[in-house]
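Subject: Structure for you to look at

Hello,

Here is the structure I said I would pass on. Please open it and keep it in view while you read the notes below.

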Amino acid sequence: MTGSSTLGETEQAAIREAFADLERDVGVVLELGPAATPVTLLAAGGRELDSNAITRDVVTSVCGLADGVRLTVTEHDEPGPWPRTTIGPGLVYQGMPLGYELTTLVHAIVDAGRAEPTLSAASRERLDALEQDVAIDVFVTPT
Amino acid sequence: MLLAYRLALASPRIVARGIEASEFAVEAERHGVSAVPAIVVDDRFAWAGSVPEAVFVERVLAATA
């Protein structure tokens, strides 16, 4: 395991504790590249943010906190929906995983690393009724 | 967001994607997103706001019916 300058000691300890529940290895793929539709993102104070660099720092730091989390980083030359992080079998997040979405990233890795789904038996039974593929997009903000 | 991921882990028919609305503002605007979390099912706006697991599942099923 490696240390991290992006995450504080308290955050690192909490993430390591969460990753202790991993029951199997989890692959994480981070894709970086130019934005399809450039948007200027500003931090408090008006500083422009580099979403690729920030996402690389955060995702690399998080994945470095457990031996069972394997990170692959791909750099694209063509504009697209980057930064994009794909966890395990296809849990996708587009954007910088900051604030509450950092917690979501960690829990998504933990859930992907479980041997059994965490969804209730009743919900799994209802989903068995699906007869076609379904794409769910959830728009969020990092706070 | 985590609930959508849990549905995807429980069903091979479901894929789930989280999208940061301010970074992908054009995509958010295209779906009429004005509050978060906003849930889009099969490229159509479904609802906004957090709901319990059972409600989330039923709304996804209803959106695909």
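I start with one pair of strands in chain A. S1(A) and S2(A) run parallel and are joined by seven bridges. One place to look is Val29(A), which stands opposite Thr72(A) in S2(A). Please keep in mind that this is a predicted model.

S1(A) also pairs with S3(A), this time in the antiparallel sense, over four bridges. Leu30(A) has Thr85(A) in S3(A) as its bridge partner. As general background, strands of a sheet pair through backbone hydrogen bonds, either parallel or antiparallel.

From S3(A) the pairing goes on to S4(A). Strand S3 (residues 84-87) of chain A and S4(A) run antiparallel and are joined by four bridges. Arg84(A) stands opposite Gln94(A) in this pair. The two strands form a hairpin with three residues between them. In the turn, Gly88(A) has a positive phi of about 55 degrees.

Are the two faces of S4(A) buried or exposed? Both faces are covered: Leu91(A) and Tyr93(A) on one side are buried, and so are Val92(A) and Gln94(A) on the other.

The next step crosses to the other chain. S4(A) and S1(B) run parallel, with four bridges between them. Gln94(A), already met opposite Arg84(A), stands opposite Ile19(B) in S1(B). S1(B) is also joined to S5(A) by seven bridges, and these two strands run parallel as well. There, Glu20(B) is the bridge partner of Val140(A).

Which strands make up the whole sheet, and in what order? The sheet is open, has eight strands and mixed pairing, and its order is S2(A)-S1(A)-S3(A)-S4(A)-S1(B)-S5(A)-S2(B)-S3(B). The edge strands, each pairing on one side only, are strand S2 (69-75) of chain A and strand S3 (44-48) of chain B. From one strand to the next, the twist averages 20 degrees.

Helices pack on this sheet. H3(A) touches S1, S2, S3, S4 and S5 of chain A together with S1 of chain B, and its direction makes about 30 degrees with that of S3(A). H1(B) also packs on the sheet, touching S4 and S5 of chain A and S1 of chain B; the angle between its direction and that of S1(B) is about 155 degrees.

H1(B) deserves a second look. This helix covers residues 2-10 of chain B, and eight of its nine residues are buried. Among the buried ones are Leu3(B), Ala4(B), Tyr5(B) and Arg6(B). What covers them? From chain A, the cover includes strand S4 (91-94), helix H3 (100-112), helix H4 (121-127) and strand S5 (134-140). From chain B, the cover includes strand S1 (14-20) and helix H3 (53-64).

Two residues of this helix also stand out in the largest nonpolar core, which has 52 residues. Ala4(B) and Leu7(B), along with Ile109(A), Ile136(A) and Phe139(A), touch the most other members of that core. Leaving aside residues up to four places away in sequence, Ala4(B) touches Ile136(A), Val138(A) and Ala16(B). In soluble globular proteins, nonpolar side chains tend to be buried together.

Now the contact between the chains. Chain B gives 40 residues to the contact and chain A gives 39 residues. On the side of chain B, the elements that give two or more residues are H1, S1, helix H2 (25-30), strand S2 (38-41) and H3. H1(B) gives the most, with eight residues. By class, this side of chain B has 28 nonpolar, four polar and eight charged residues.

Last, chain B as a whole. This chain has three helices and three strands, which follow the pattern α-β-α-β-β-α along the sequence. Its radius of gyration is 12 Å, close to the 11 Å that the globule rule gives for 65 residues, so chain B is as compact as a globular protein of that length. The C-alpha trace of chain B spans about 30 × 20 × 20 Å along its principal axes. Of the 65 residues of chain B, 46% count as buried. Among contacts in chain B between residues at least 6 apart in sequence, 13% join residues at least 24 apart.

Regards

How values were computed:
Residues are numbered from 1 along each chain as its sequence is written. Chains are lettered from A and ligands numbered from 1 in the order in which they are written. This is a predicted model: local features need pLDDT of at least 70, side-chain atom pairs count only at pLDDT 80 or more; totals for chains, interfaces and linings use all residues. A residue is buried if 20 or more other C-beta atoms lie within 10 Å of its own, exposed if 12 or fewer, and partly exposed in between; C-beta atoms are placed from the backbone. Two residues are in contact if their C-beta atoms, placed from the backbone, lie within 7 Å. The radius of gyration is taken over C-alpha atoms; the globule rule is 2.2 Å times the number of residues to the power 0.38. Ala, Val, Leu, Ile, Met, Phe, Trp, Tyr, Cys and Pro count as nonpolar, Asp, Glu, Lys and Arg as charged, and the others, Gly among them, as polar. Two strands pair if DSSP finds at least two bridges between them. A nonpolar core is a set of buried Ala, Val, Leu, Ile, Met, Phe, Trp, Tyr and Cys residues joined through C-beta atoms within 7 Å. Axes are lines fitted to C-alpha atoms, for helices over the stretch in contact, and angles run from 0 to 180 degrees between N-to-C directions.
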